[in-house]
Structure formats: C-alpha cells, structure tokens
Amino acid sequence: MGAAPVAAKPAAVASGKLDAIPRTVIITAFEPEWVALEGAVKAPKAYHINGLTILTGKMAGRPVVLLQSGVSMVNAAMNTQLVLDRFNARRIVFSGIAGGIDPALSVGDVVVADQWAQYMEVALGRKKGDQFISPDIYDDPDHLANYGMMIPRTVRVGNAAEPARRHRWFPADPALLALARKSVGGFALERCLPANEPIPQTRGISAEAGRCLDHQPRVMVGGNGISGPAFADNAEYREYLFAQFKAQVLDMETAATAHVAYANQVPFIGFRSLSDLAGGDSGPNQSWVFGRLAARNAATVVQRFVAALPD
C-alpha cells in the first residue's frame, strides 16, 4: 500500500512573498479599529494566513497592506513580523485606541508619539526590609523607580546596522513624524456617537450615558507612548506610569510593533486615540462608550497621513 497522499497547502499559506509591490503596512489590533479603516482600502485583495485576513489595495491612491494583528504584545510582534516576511513593506503605521495617562489629554484625542516603551518589561524584585531589590546583574543605563515589586528594565536587541544593546525606547521614524506634523492638523475629529450607534448596557453604564464628549478632540504629535500586556484601569498605576515614563498614552501593542520594526530596519509610526483614561475616569471606564469613536478618530488621522505620503 502506498503512502497516503499529502493534501496541498492553499497558495496563501505557502512560504515566501505574497506581493512584490512596495506598500505601507497599516496595522490595527482589534475589530473596531479594523472596521474604521477597511472601507478605505480600494480594490482590496484578501489573503488568509494563520487565521488572519490581510488586505492589499490602495488607500488615498497609495499602495497599502491592512492587517488586524489581534490584541496583545505577543500577537502584535508575531503578526508584524509575519506581514514583513510576506509583503514588501515601505513603512509601518499603527492605528488604534489607547488609554490616556497624561492629565492634559482627553478621550477622543489622537497622539502620534515620538517613541514607544514596554512598561511591563520588568523584574519582580525580592523584598528586603521595606524595599524590593532587582535581581538584574547589569547596570541599567536608564533606571526608573519601581512600583512595588515591579522594577522596570530595558530589553536587549539590535539590527543589521547596530549591535545589540539595551533599549528602553523604540523611536518613530523622524521623517514620518515630520510628515505627520505637516499633514494631520486643521480638521475636526469626531465628538459625538452616531445616532444609530448603541451604547453598551454593561459595566455600570446607563442607557442615559452621554453620546457626546464635552470637548473637541485634538491631535498631538510628539511625546511618549507605552505598551504592555495588561488592560490598565487603575488610577494609582496610571499616576506612577506618567511620573516615570512621562508618557501620554498606553496600549497593548504599539511598542511591540515598534520593537519589531527597529529589528527589521523598517520605518515606523503609531497613531493612537484615547478611548479612556486608564483608570483616571471619574466614572466607569469610558472605552465601552467611546472606543469606536476613538478608533474612527485614529483612522481619520491615519487616512490624512497616508494621503500625504509620497508613495
């Protein structure tokens, strides 16, 4: 009896590049962020890889790849590398929502940070008296204060141009930041939910919850962003993170993508709109009401930015 036949793999799962055209890679984390951008991809072609749907096409006349990475640092890193391996990436743009940790910012605002750090890259210190002592044996060049037993640490990585060294921050590309400063101001962001968009009746949010923000959202280019594998909704930890990282926004993916972009020497920039205040809200976490509005605000700014790209 001969060997059982081996089923052929679908073409979309075969190794190697799936598309040779140089494209801007646009990454979102979850469904509302994807929905906010999917319709802007014209003449889309879908690829299905590892349970993901990836679209190629054009946005504002520029060749793009649109990917929903999935929530979390691991998903973001894994699927950023996947899209770099399978497509010809000119640059990476992240679009999504975030928690605000800068008291000067409000829900709906969009932040385009200069650099990104992994705030939960930590050592869990051993308690000694009233202190927690780090087990790390290297000298941290950028020491930050601990939060209880959690002691921030840097991560060692290099690329083809630079030897491996310890990094706290992964920068956005300077040329992309300069373009953002020129291209994403001077237009109004969403302030109110559409009349046909329901407000979730969960998590202490009433049917009478406001449909409009009490301020006009704005765009901020500059500052710091941080990412970690936790949904942050704690006022004390928010204050600690703002004091130590001097960051404006916090999310669960962008720094992981920035890390992978650095390792691959691919220009990167992230756009994050505040859906909530990471525990600093006066009532229930506002992401359950304004998450989709924030996703649309980030997508609006990203589309303006893509339209300003030279290719």
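**View 1. Helix α5 is largely enclosed by the rest of the structure.** Of the 11 residues in α5, 9 are buried, so the helix ends up largely enclosed. Buried means under 20% relative accessible area, exposed over 50%, and partly exposed in between, using a 1.4 Å probe and protein chains only. Helices (H or I, at least four residues) and strands (E, at least two) are DSSP runs numbered from the N terminus. The buried set in α5 is T254, A255, A256, T257, A258, H259, V260, A261 and Y262. Just past the helix, Q265 has a positive phi of about 55°. This is a predicted model, where local features need pLDDT of at least 70 and side-chain atom pairs count only at pLDDT 80 or more, while totals for chains, interfaces and linings use all residues. Residue numbers start from 1 along each chain as its sequence is written, and side-chain values use heavy atoms, leaving out hydrogens and water.

**View 2. Two nonpolar cores lie apart from each other.** A nonpolar core here is a set of buried Ala, Val, Leu, Ile, Met, Phe, Trp, Tyr and Cys residues joined through side-chain atoms within 4.5 Å. The largest has 43 residues, and I54, I92, W116, F268 and F290 are the ones with the most contacts inside it. Helix α5 (residues 254-264) supplies the largest share of this core, with 6 residues. The other core, lying apart from it, has 28 residues, including I26, W34, V301 and V302.

**View 3. Strand β3 pairs with β2 and with β4.** Strands count as paired if DSSP finds at least two bridges between them. On one side, β2 (residues 42-49) runs antiparallel to β3 with 6 bridges, and I49 faces L52 of β3. The β2–β3 hairpin has 2 residues between its strands, and N50 there takes a positive phi near 50°. β3 is also joined by 6 bridges to β4 (residues 62-68), again running antiparallel; T56 has V65 as its bridge partner in β4. In the β3–β4 hairpin, with 2 residues between the strands, A60 has a positive phi near 55°. As for cover, β3 (residues 52-59) has 6 of its 8 residues buried.

**View 4. Strand β18 is mostly covered and sits alongside β5 and β6.** In β18, 9 of 9 residues are buried. β5 runs parallel to β18 and is joined to it by 8 bridges, with G99 bridging to D276. Strand β6 (residues 110-112) makes 2 bridges with β18 and runs antiparallel to it; here V111 stands opposite R272.

**View 5. The largest pocket takes its largest lining share from α6.** Spaces are found on a 1 Å grid over the protein atoms alone: in a cavity a 1.4 Å probe fits but cannot get out, while a pocket is an open set of points with protein on both sides within 12 Å along at least five of seven lines, and lining residues have an atom within 4 Å of a point. Points are joined across faces, edges and corners, and volume is the space filled by probe spheres set on them. The largest pocket holds about 530 Å³. Its lining has 30 residues, with F30, I97, F231, S275 and S287 nearest the centre. Two or more lining residues come from each of α1 (31-38), β5 (88-100), β17 (249-251), β18 (268-276) and α6 (287-308); α6 gives 6 of them.

**View 6. A294 is a buried residue of helix α6.** Its relative accessible area is 0%. Beyond neighbours within four places in sequence, A294 is in contact (heavy atoms within 4.5 Å) with I97, S273, L274 and S275.

**View 7. D85 in helix α2 (residues 73-86) is partly exposed.** At a relative accessible area of 43%, D85 falls in the partly exposed class. Not counting residues up to four places away, D85 touches G16 and K17.

**View 8. The largest cavity holds about 40 Å³.** The count is 1 cavity of 30 Å³ or more. The residues lining the largest one are Q118, E121, R153, T154, V155, H167, R168 and F170.

**View 9. Residues 1-13 have pLDDT under 50.** pLDDT is the predictor's confidence in each residue, from 0 to 100. The protein averages 90, with 90% of residues scoring at least 70. For residues 1-13 the model has 7 contacts beyond four places in sequence. Where pLDDT is low, don't read the predicted coordinates in detail.
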